[in-house]
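Visitor: Could you take me through one part of this protein up close? I'd like to hear what sits where, and how you can tell.

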Amino acid sequence: MAEPSRPQPYQPGAVSLFFVAKAGVFAAAFWIWLLVLVLRTDSATGLQVLAATGTITTTLVAVVLGARMALQHNAAVRHAEVKKLLVDISWNAFAAAGNAEAGGGKVVPFPIAPGDGERAAQRPGVDRVSVHDRGAGERNGGRDRRR
């Protein structure tokens, strides 16, 4: 039997991927710039410090954004699995309760709200009468509003 089609869980999408890729491109550009500056000159210059700072910053940003996107993806997959598990548990409990009534299985059925007759029997000495069973005068507490 084919698995029923379910909506796909939330996955971090194009926006997150765009920022990770953009940070990666900037990091690569800074790495190339730093490499070119280091190979051209023998002494450290202000441009090399600037390139090194940009390299470190953009590399860290790319790593943090990539890790965040991966964590979001894993959380989305786990959330979808938990939702599926909850649906399966509730369906199995519902089916098991129905089977317990019919077959005398080992599953405890869901509690059922007591009927009107059972509620009245729970309180000895109290005579319960439904509002629909009372007359018009009894509903108003014996008072007649027509004067």
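Guide: Let's start with Ser16, which you'll find in helix α1. Keep in mind that this is a predicted model, so everything here is read off computed atoms. Is Ser16 buried or exposed? Its relative accessibility is 17%, and since buried means under 20%, Ser16 counts as buried. As for company, if you skip the neighbours within four places in sequence, Ser16 is in contact with Met69 and Gln72.

Ser16 has fellow buried residues along the helix. In α1, the buried set is Ser16, Val20, Ala23, Ala27, Leu34 and Leu37. That's worth holding against the whole protein, where 12% of the 147 residues count as buried.

Now for the helix as a whole. Helix α1 covers residues 14-40. With 27 residues at 1.5 Å a residue, α1 should span 39 Å, and because its end C-alpha atoms are 39 Å apart, the expected and modelled spans agree.

Next, pick out a couple of other positions on α1. Ala21 is also in helix α1. Ala21 has a relative accessible area of 41%, so it is classed as partly exposed. Follow the chain for 44 residues from Ala21 and you get to Leu65, yet the two C-alpha atoms are 9.4 Å apart in space. Val25 is in α1 too, and with a relative accessible area of 55%, Val25 is exposed; the cut-off for that label is over 50%. Val25 has a far-off partner in sequence as well: Thr59 is 34 residues away along the chain, with 9.5 Å between the C-alpha atoms.

Those pairs make a nice lead-in to the contacts overall. Take the contacts between residues at least 6 apart in sequence: 52% of them join residues at least 24 apart.

Now the rings. A pair of aromatic rings is described by how far apart the centres are and by the angle of the planes. How many aromatic pairs does a search of the whole structure find? It turns up two. One is Phe18 with Phe19, an edge-to-face pair at 5.3 Å centre to centre, with 70° between the planes. Phe18 is partly exposed at a relative accessible area of 48%, and Phe19 is partly exposed as well, at 43%. The other is Phe30 with Trp33, which is tilted: 6.0 Å from centre to centre and 50° between the planes. Phe30 and Trp33 are three residues apart in helix α1, about one turn of the helix. Phe30 comes out partly exposed at 22% relative accessibility, and Trp33 is partly exposed with a relative accessible area of 31%.

From there, hop over to helix α2, which takes in residues 46-103. Both Lys84 and Asp88 lie in α2, four residues apart, or about one turn of the helix. Lys84 forms a salt bridge with Asp88, and the closest N and O atoms are 3.5 Å apart. That falls inside the 4 Å limit for a salt bridge. The structure holds one salt bridge, so you've now seen it, given that Lys84 and Asp88 form one. Both partners are partly exposed: Lys84 has a relative accessible area of 37%, and Asp88 comes in at 29%.

While you're on that stretch, look for a greasy spot. Val82, Leu85, Leu86 and Ile89 form a nonpolar patch on the surface, with about 380 Å² of accessible area together. Ile89, one of the four, lies in helix α2 and is partly exposed with a relative accessible area of 48%.

Finally, zoom out. The protein has four helices and zero strands, and its elements run α-α-α-α from the N terminus on. Its accessible surface comes to about 12200 Å², with 65% of that belonging to carbon and sulfur atoms. And back where we began, Ser16 in α1 is buried at 17% relative accessibility and touches Met69 and Gln72.

Technical notes. Residues are numbered from 1 along each chain as its sequence is written. This is a predicted model: local features need pLDDT of at least 70, side-chain atom pairs count only at pLDDT 80 or more; totals for chains, interfaces and linings use all residues. Side-chain values use heavy atoms; hydrogens and water are left out. A salt bridge is a side-chain nitrogen of Lys or Arg within 4 Å of a carboxyl oxygen of Asp or Glu. Helices (H or I, at least four residues) and strands (E, at least two) are DSSP runs, numbered from the N terminus. Buried means under 20% relative accessible area, exposed over 50%, partly exposed in between (1.4 Å probe, protein chains only). Contact means heavy atoms within 4.5 Å. Accessible areas come from the Shrake-Rupley method with a 1.4 Å probe; for residues, only the protein chains shown count as cover. Patches are made of residues with over 30% relative accessible area and no salt bridge: like charges are joined within 9 Å, nonpolar side chains (Val, Leu, Ile, Met, Phe, Trp, Tyr) within 5 Å. The expected span of a helix is 1.5 Å times one less than its number of residues. Rings of Phe, Tyr and Trp (its six-membered ring) pair if their centres lie within 6.5 Å; planes under 30 degrees apart count as stacked, over 60 as edge-to-face and the rest as tilted.
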